[in-house]
Structures are given as structure tokens and as C-alpha cells.
Amino acid sequence: MEERILLETKGLTKCYRDKLALDHVDLKLQAGSIIGLLGSNGSGKTTLLKLLNGLLTPTAGSIRILGKEVGVETKARVAYLPERTYLRGSSRVEEMISFFADFYADFNKERAYDMLERLEISPKDLLRTMSKGTREKVQLILVMSRDADLYLLDEPIGGVDPAGREYILNTIIHNYNPEASILLSTHLIADVENYLDEVIFIRDGRILLHKWTEEIREQEGKSIDGYFREVYKCLEN
């Protein structure tokens, strides 16, 4: 069966004035995988996701999603969850669902309401009355209710208490198109590693490693979190 290349970057570079945020990143991702983009804060994770979503313009290099350059067509196939909540506090949850359904042709309202029920969130609630963690859950529901080809999730469990992280991760895993891929950025590696098919280690804007998780466990005899710490420690010494 022929591999379906979902995303490919070549020499992808991003500079902010005199700061190099991404340094000649070459990536190739297949469809049908859950990929962890793993690195400490400031490693370049958010910059990479914003470039893939078209929120930033590369300084150099190229990005192709399903063979197309980033633009209107790719944005219609990419669902993006930013690290910070952008939803209007004056809106009710049901109003945001209607807005997303009008804006995105691939939005599944039935799926959205089902996730709300399972997470015990009322569609009548005002966003400003919710805790930060609950607002982030609503934002995640909106993103995962799309039938996208690529889901870009920036620290989806960063603002959620430890007890809720597993629930959130299960919500992600069970509510996306299995022919799509998820690129999930996080520094909480131990919490997500059992959900990942592949991992990308990133540091100082450079890709250190891109491997299947089972390959790491079999070859290195370590957890993903343990191996990540070892790789980073070697670089610091």
C-alpha cells in the first residue's frame, strides 16, 4: 500500500529579527499517525505549528500539506488548537458551536454535543463563567469536531489538572478521523507517550530525532520520557 504523505517541509527556517526560532527543519509525516512534538518551552514547537497553519510566514524553506503550499486550500484541511484560549468570554458554548459549523464545512455538530455531554459541559454556559481548564476543553472540542486531515494541537493538556489529562487525551484519540494525523506539541512527555505512534524531539529550533515510539522502546530499552531526558542531557554536557 502506497504511503500517503500528509506533510513535508524542506529547509524550513524562521527568524524573529536576530533570533533563529527554527533552523532548516526537514520533516515528512504520513497520514494515520499520532505524532508527539516534544521539547522544552522555547524549543520552537509553537513556531512550527503556526507556520504549518499559515499564521506565520517562513523566512526560508518550504511547506507542503497534501502536496499543496500553505494557503486557503490547506487551511480548510488543517484544524489548529493554539496554546492560548481565543474564544470570546461573552459567548455561550452553543453559540461557538454554531459559529464553527457555519465557518467550517467539515464541522460535525453532533460530535461536538456528544463530547460536551461526556465532559459534562453545558452548551448553555457562558465561557467567561468557566475555569481556564474548562474553556480549554471547549476549545479542544471545537477543534476535534472537525473532519480534518491534520490536527495541530499546541499543549492541549498544559492547562488541565493531572486528573483530567487522561480524559482529555482519550477525547483527542477517539474523536479524529483515523486516516488523518495529529501533531501534538507538549513538554509533558510522560503523560502522552503511551498515546503516540511517532515522536519528534526538537531543541533550539532543530529537529534532533524523528522515530517511531516502538522503535525507541525496542532499541533503547527506555520509555520515551526517559530517552528524551537522556538525549537532552547529552547535549547539555
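**Figure 1. D191 and its partner R165 in the predicted model.** D191 has a relative accessible area of 29% and is partly exposed. The model shown here is predicted. The side chain of D191 meets that of R165 in a salt bridge, 3.4 Å from N to O. R165 sits in helix α6 and D191 in helix α7 (residues 189-192), so this pair ties together parts that are 26 residues apart in sequence. R165 counts as buried, at 15% relative accessibility. The bridge therefore pairs a buried arginine with a partly exposed aspartate.

**Figure 2. Y167 in helix α6.** Helix α6 covers residues 162-173, and Y167 has its place there. Relative accessibility of Y167 is 42%, so the residue counts as partly exposed. Which residues does Y167 contact, leaving aside neighbours within four places in sequence? They are R118 and L119. L119 is 48 residues away from Y167 along the chain. Even so, the C-alpha atoms of Y167 and L119 are separated by 8.5 Å.

**Figure 3. The salt bridge between K68 and E73.** Side chains of opposite charge can pair when their charged atoms come close. In the bridge between K68 and E73, the closest N and O atoms are 3.6 Å apart. Are these two residues buried or exposed? K68 is partly exposed, with a relative accessible area of 38%. E73 counts as exposed, because its relative accessibility is 53%, and the cut-off for exposed is over 50%.

**Figure 4. R203, D204 and a salt-bridge network.** The side chains of R203 and D204 meet in a salt bridge, with an N to O distance of 3.7 Å. D204 is partly exposed, its relative accessible area being 47%. Elsewhere, salt bridges with shared partners join several residues into one network. Its members are R4, R77, D106, R146 and D149. How many salt bridges does the count come to? The count is 19.

**Figure 5. Helix α1 and the residue that follows.** Helix α1 runs over residues 45-53. Seven of its nine residues are buried, so α1 is largely enclosed by the rest of the structure. Several of the buried residues are leucines: L48, L49, L51 and L52. K45, T47 and N53 are buried as well. G54 follows α1. The phi of G54 is positive, near 85°.

**Figure 6. The whole chain, for orientation.** The protein chain has nine helices and ten strands. Its radius of gyration is 18 Å, close to the 18 Å that the globule rule gives for 237 residues, so the chain is as compact as a globular protein of that length. The C-alpha trace spans about 50 × 45 × 40 Å along its principal axes. Of the 237 residues, 47% count as buried. Contacts between residues at least 6 apart in sequence were also sorted by separation: 70% of them join residues at least 24 apart. The accessible surface of the chain comes to about 12000 Å². Carbon and sulfur atoms hold 46% of that surface. The chain carries 32 positive and 38 negative charges. The mean positions of these two sets are 6 Å apart.

Note on methods: Residues are numbered from 1 along each chain as its sequence is written. This is a predicted model: local features need pLDDT of at least 70, side-chain atom pairs count only at pLDDT 80 or more; totals for chains, interfaces and linings use all residues. Side-chain values use heavy atoms; hydrogens and water are left out. Helices (H or I, at least four residues) and strands (E, at least two) are DSSP runs, numbered from the N terminus. The radius of gyration is taken over C-alpha atoms; the globule rule is 2.2 Å times the number of residues to the power 0.38. Buried means under 20% relative accessible area, exposed over 50%, partly exposed in between (1.4 Å probe, protein chains only). Contact means heavy atoms within 4.5 Å. Accessible areas come from the Shrake-Rupley method with a 1.4 Å probe; for residues, only the protein chains shown count as cover. Lys and Arg count as positive and Asp and Glu as negative; His and the chain ends are not counted. The place of a charge is taken as NZ of Lys, CZ of Arg, CG of Asp or CD of Glu. A salt bridge is a side-chain nitrogen of Lys or Arg within 4 Å of a carboxyl oxygen of Asp or Glu.
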